[in-house]
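The following exercises concern the fold, the interior and the backbone geometry of a single protein chain. Each task is followed by a solution that proceeds step by step.

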Amino acid sequence: MHALSRLRCFASAKNGLAAVEFALIAPMMVFLLFGAVDLIDALGANRNAQNVAASLADVVARDTEVSNAEMTGIWSAADILMFPESAATMDIRLTSVMIESATVARVVWSEGHNGFAALAANSVVTMPAAMMTPGSCIIMADSGYHYVPPLGFLFGSGVNMSHTSYRRSRLVDPIPRVA
């Protein structure tokens with residue numbers, strides 16, 4: 001009986017109840033906080049990597065020719081577009097594609113930066129059906145980025161992000177690559 005009365009006394013005690021509730025809830029709240037920081041940062045980095053592909057494709061699509069100096073400037077623009085993330089490890093490829101028929105698209109020229117290799121000239125590439133207008137030229141930009149989270153709480157060692165963006169050339173078909 002003595003043990004039962006002690007158990008009742010323990011159950012009716014209100015001292016320390018807030019501390020017990022906090023001890024139960026605090027780990028979940030910390031997990032939510034750190035997970036939210038990693039998730040929001042990853043979503044921002046993904047948006048920036050997608051923006052790099054779209055912006056570089058758009059810049060090249062507005063040109064009448066692409067020179068070596070311009071390509072150097074384009075690679076440098078990736079640093080600005082990825083801010084606050086670093087674009088030093090970002091892989092980028094720009095490719096000019098000529099649509100020959102509703103089913104065949106060939107590379108006119110291609111240039112890779114960091115880990116992306118250039119595509120071989122005259123090689124056939126697969127394009128979305130909506131882009132396959134015979135006689136037109138498409139600028140295709142690929143970006144790849146390995147995101148490493150600041151806390152490493154949600155994504156561990158990181159996650160790979162890749163994007164492809166397509167833009168029709170606006171002034172000339174195809175846009176020539178010059179020295």
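Helices (H or I, at least four residues) and strands (E, at least two) are taken as DSSP runs, numbered from the N terminus. The model is predicted.

**Exercise 1. Fold and overall dimensions**

Task: State how many helices and strands the chain has, and in what order they run. Then compare the radius of gyration of the chain with that of a compact globule of 179 residues.

Solution.
Step 1. The chain comprises three helices and four strands.
Step 2. Read from the N terminus, the order is α-α-α-β-β-β-β.
Step 3. The radius of gyration of the chain is 27 Å, whereas a compact globule of 179 residues would have one near 16 Å.
Step 4. The extents of the C-alpha trace along the principal axes are about 95 × 35 × 25 Å.
Step 5. Of the contacts between residues at least 6 apart in sequence, 67% join residues at least 24 apart.

**Exercise 2. Surface and charge**

Task: Determine what share of the residues is buried, what area the chain exposes, and how far apart the centres of the positive and negative side chains lie.

Solution.
Step 1. A residue counts as buried under 20% relative accessible area; buried residues account for 33% of the 179 in the chain.
Step 2. The exposed area is about 10400 Å², of which carbon and sulfur atoms supply 64%.
Step 3. There are 11 positive and 14 negative side chains, and the centres of these two sets are 14 Å apart.

**Exercise 3. Nonpolar cores**

Task: Identify which residues have the most contacts inside the largest nonpolar core, and which element gives the largest share of this core.

Solution.
Step 1. The largest nonpolar core holds 26 residues, and Val60, Met90, Leu94 and Tyr145 have the most contacts inside it.
Step 2. Two or more residues of this core come from each of helix 2 (17–61), helix 3 (68–82), strand 1 (91–99) and strand 3 (137–147).
Step 3. Helix 2 supplies the largest share, nine residues.
Step 4. Beyond its neighbours within four places in sequence, Val60 contacts Val66, Ile74, Leu94, Trp109, Ile139 and Ile175.
Step 5. A second, separate core of 10 residues has Ala105, Val107, Met131 and Met132 among its members.

**Exercise 4. Cis peptide bonds**

Task: Locate the prolines 84 and 174, give omega for the cis bonds that precede them, and describe the surroundings of Asp173.

Solution.
Step 1. Most peptide bonds are trans.
Step 2. The bond from Phe83 to Pro84 is cis, with omega near 10°; Pro84 sits in the loop between helix 3 and strand 1.
Step 3. The bond joining Asp173 and Pro174 is also cis, with omega about -15°. Asp173 and Pro174 both belong to the segment after strand 4.
Step 4. With residues up to four places away in sequence left out, Asp173 touches Gly135, Ser136 and Cys137. The C-alpha atoms of Asp173 and Ser136 are 6.2 Å apart, although 37 residues separate them along the chain.
Step 5. Asp173 counts as partly exposed because its relative accessibility is 42%.

**Exercise 5. Positive phi**

Task: Establish where Asn114 and Asn122 are placed, and what phi each has.

Solution.
Step 1. Most residues other than glycine have a negative phi.
Step 2. Asn114 has a positive phi of about 60°, and Asn122 has a positive phi near 70°.
Step 3. Asn114 and Asn122 are both in the loop between strand 2 and strand 3.
Step 4. Asn114 is partly exposed because its relative accessible area is 45%, whereas Asn122, at 56%, is exposed.

Definitions and conventions:
Residues are numbered from 1 along each chain as its sequence is written. This is a predicted model: local features need pLDDT of at least 70, side-chain atom pairs count only at pLDDT 80 or more; totals for chains, interfaces and linings use all residues. Side-chain values use heavy atoms; hydrogens and water are left out. The radius of gyration is taken over C-alpha atoms; the globule rule is 2.2 Å times the number of residues to the power 0.38. Buried means under 20% relative accessible area, exposed over 50%, partly exposed in between (1.4 Å probe, protein chains only). Contact means heavy atoms within 4.5 Å. Accessible areas come from the Shrake-Rupley method with a 1.4 Å probe; for residues, only the protein chains shown count as cover. Lys and Arg count as positive and Asp and Glu as negative; His and the chain ends are not counted. The place of a charge is taken as NZ of Lys, CZ of Arg, CG of Asp or CD of Glu. A nonpolar core is a set of buried Ala, Val, Leu, Ile, Met, Phe, Trp, Tyr and Cys residues joined through side-chain atoms within 4.5 Å.
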